[in-house]
Amino acid sequence: MKLKYSKLILSAAMLLAGSNAFAQGLNSAYYTNDYKFRHDMNPAFGNEQSYIAIPILGNINVNLHGNFGYEDVVMNNPMYPTQGGKKMTTFMNPYISTSEALSGFSTDNNRIIGNVGITILSAGFKGFGGYNTIELNSKTSFGVSLPYGLFEFAKNTGNKSYDIGNINAQAMSYVELGLGHSRQINDKLRIGAKLKFLFGVARADFQFKDVKADLSSTDKWTVSGQATADVYMKGFTYQSETDEYNDPNKGQYDKVNDVDVDGGGLGGFGMAVDLGAVYKINEDWTVNAAVVDLGFINWSNHAQAVNRSNCFEFNGFHDTSVTSDSGETIDDKIDDYGDQITDFINLKDNGDQGSSSTGVGATINLGCEYNLPVYRKMTFGLLSSTRLNGAYSWTEARLSANWTPLKWLDGGVNLAVNSFTTSMGWILNIHPKGYNFYIGMDHLLGKTSKEGIPLSSNASIALGMSITW
């Protein structure tokens with residue numbers, strides 16, 4: 001039996017695998033000294049110059065991470081062109097072997113994670129005994145986490161038990177107003193902090209918890225799992241329609257069939273802090289540490305929908321009659337199974353749950369930098385980043401070589417290993433008098449399909465322009 005949820009989630013995964021990229025921040029520029037937005041990764045970093053970012057174009061980060069992608073979901077059709085009408089097909093094609101179809105998926109969780117950050121306004125200037133920043137940013141993120149068992153069940157449903165696990169999907173959008181300050185404590189230590197006011201636009205979470213499918217028994221099959229859809233958004237409501245059960249004795253039921261947003265507006269408010277420090281051990285070695293986005297958003301509205309039943313059971317057609325002369329008929333049994341499926345796969349509106357608070361996901365950055373004694377224009381840096389965000393958490397280690405050949409030109413290249421893949425990045429930062437332009441990537445784009453879709457779910461681009469003095 002193929003679950004309706006399996007098809008919906010897998011369809012969403014295919015769309016996400018081929019979607020436009022979203023962002024996390026340019027870690028490739030962490031050790032680029034005159035990169036104006038280093039304070040977003042460690043608030044202790046300052047700048048030699050003051051700046052005003054060009055509105056909207058000042059700082060744009062676009063990045064996507066994942067351990068499965070388009071090339072794992074969409075494959076060459078083995079029957080093309082002799083019998084297959086399409087050159088490409090999905091991994092569920094029966095003519096693709098199970099081992100080949102599932103080879104691209106992690107046996108743990110398969111995830112695609114990203115967020116987009118656009119700086120609406122930003123400025124940095126010296127004063128009050130240190131360096132100060134003020135910024136207004138728009139942030140949007142999404143994540144999907146799919147267990148290996150889901151793909152195995154979809155591809156190779158057989159007479160055995162499947163402990164599929166938890167299926168998660170999330171999206172969130174908010175605007176932040178940040179006020180930062182950093183200062184030199186002594187000739188070795190520099191510290192910084194940033195206070196952020198968060199204005200929530202919307203958040204949506206879908207969870208299908210503890211999904212299991214037991215098809216091993218000859219007596220009965222069971223499929224179970226608790227589905228919950230939570231939406232935090234001003235004026236959002238689920239729209240329901242009334243339908244009838246197959247069994248007239250059960251009466252009617254309500255199911256979610258649409259959504260409505262009445263007015264919209266500010267969905268929530270919260271706060272977050274960034275804390276950081278940089279310590280210069282000697283002329284050659286410097287260490288640093290920071291935690292950013294440590295905070296929450298309190299949402300004024302929380303709409304929730306759940307499946308009416310968390311289990312479907314099929315025990316065959318034992319002791320059933322074709323006619324209505326005696327006992328339960330086949331039609332009665334089919335109607336009963338249909339009603340069970342109705343309760344299992346359809347969501348019912350649980351109403352407004354009132355105000356609720358959610359985290360925004362904190363990131364911990366730890367690093368060290370080595371300045372070559374024989375060539376001070378070159379440094380090497382190591383950065384460890386850990387994102388703490390539940391099912392969408394990840395870690396990364398990035399080793400970079402950073403070069404400042406001219407006073408107005410710096411940049412570097414780097415290699416990273418993270419929870420999803422191995423990647424190469426780069427940054428070019430041009431800052432002559434009065435102007436700054438940067439462009440960089442945390443992950444090279446790599447191969448794309450003929451439609452321009454990245455074959456993997458790892459891609460990155462970041463750029464921005466500022467006026468300096």
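Okay, let's start in the middle of a sheet: strands β9 (residues 221-233) and β15 (residues 311-314) pair in the antiparallel sense, over 4 bridges. Two strands count as paired here if DSSP finds at least two bridges between them. The strands themselves (E, at least two residues) and the helices (H or I, at least four) are DSSP runs, numbered from the N terminus.

Before I go on, a word on what you're looking at. This is a predicted model, where local features need pLDDT of at least 70 and side-chain atom pairs count only at pLDDT 80 or more, while totals for chains, interfaces and linings use all residues. Residues are numbered from 1 along each chain as its sequence is written, and side-chain values use heavy atoms, with hydrogens and water left out.

Back to β9. Which residue of β15 is the bridge partner of V223? That's F312. β9 also runs antiparallel to strand β14 (residues 303-307), with 4 bridges joining the two, and there V231 stands opposite A303. Then there's β8, which is antiparallel to β9 and joined to it by 11 bridges. Find V231 again, because we need it here too: A204 has V231 as its bridge partner in β9. β8 and β9 form a hairpin, with 6 residues between them.Now for charges. Side chains of opposite charge can pair when their charged atoms come close. For us, a salt bridge is a side-chain nitrogen of Lys or Arg within 4 Å of a carboxyl oxygen of Asp or Glu. How many of them does a search of the whole structure find? It finds 16 salt bridges.

One of them starts from β8, the strand we just met. K196 and D274 meet through their side chains, at 3.0 Å from N to O. K196 lies in β8 (residues 189-214) and D274 in strand β12 (residues 268-280), so this pair ties together parts that are 78 residues apart in sequence. Are these two buried or exposed? A quick cut-off first: buried means under 20% relative accessible area, exposed means over 50%, and partly exposed is in between, with a 1.4 Å probe and protein chains only. K196 has 3% relative accessibility, so K196 counts as buried. D274 is at 0%, and counts as buried as well. The pair also belongs to a network of salt bridges that links K139, E176, K196, D274 and D293.

Here's another pair, D284 and R376, whose side chains form a salt bridge at 3.0 Å, N to O. This one links distant parts of the chain too: D284 sits in the loop between β12 and β13 (285-299), R376 in the loop between β20 (362-371) and β21 (378-388), and they are 92 residues apart. D284 has 21% relative accessibility, so D284 counts as partly exposed. R376 is partly exposed too, with a relative accessible area of 40%.

A third salt bridge joins E396 and R398, with the closest N and O atoms 3.1 Å apart. E396 and R398 are both buried.

Next stop, N137, in strand β6 (residues 130-147). At 5% relative accessibility, N137 counts as buried. What do we find around the N137 side chain? There's a polar contact with the side chain of T119, at 3.0 Å, and one with the side chain of E135, at 3.3 Å. By polar contact I mean a pair of N or O atoms within 3.5 Å; within protein, one must be able to donate a hydrogen and the other to accept it, and residues adjacent in sequence count only if both atoms are side-chain atoms. If you leave out residues up to four places away in sequence, N137 touches I118, T119, I120, Y174, V175 and E176. A contact, by the way, means heavy atoms within 4.5 Å. You've heard E176 before: that residue is in the salt-bridge network.

Let's look at a helix, α4 (residues 148-155). Of its 8 residues, 7 are buried, so α4 is largely enclosed by the rest of the structure. The buried ones are Y148, G149, L150, F151, F153, A154 and K155.

Last region: S50, in the loop between α1 (4-17) and β1 (51-53). S50 is at 10% relative accessibility and counts as buried. Leaving aside neighbours within four places in sequence, S50 is in contact with G124, F125, K126, Y131, I467, T468 and W469.

Keep F125, I467 and W469 in mind, as they turn up again in a nonpolar surface patch of about 810 Å², made by I52, F125, F128, I134, L179, Y435, I467 and W469. Patches are made of residues with over 30% relative accessible area and no salt bridge; like charges are joined within 9 Å, and nonpolar side chains (Val, Leu, Ile, Met, Phe, Trp, Tyr) within 5 Å. The accessible areas come from the Shrake-Rupley method with a 1.4 Å probe, and for residues only the protein chains shown count as cover. I467 itself is in strand β26 (residues 459-468), and counts as partly exposed at 41% relative accessibility.
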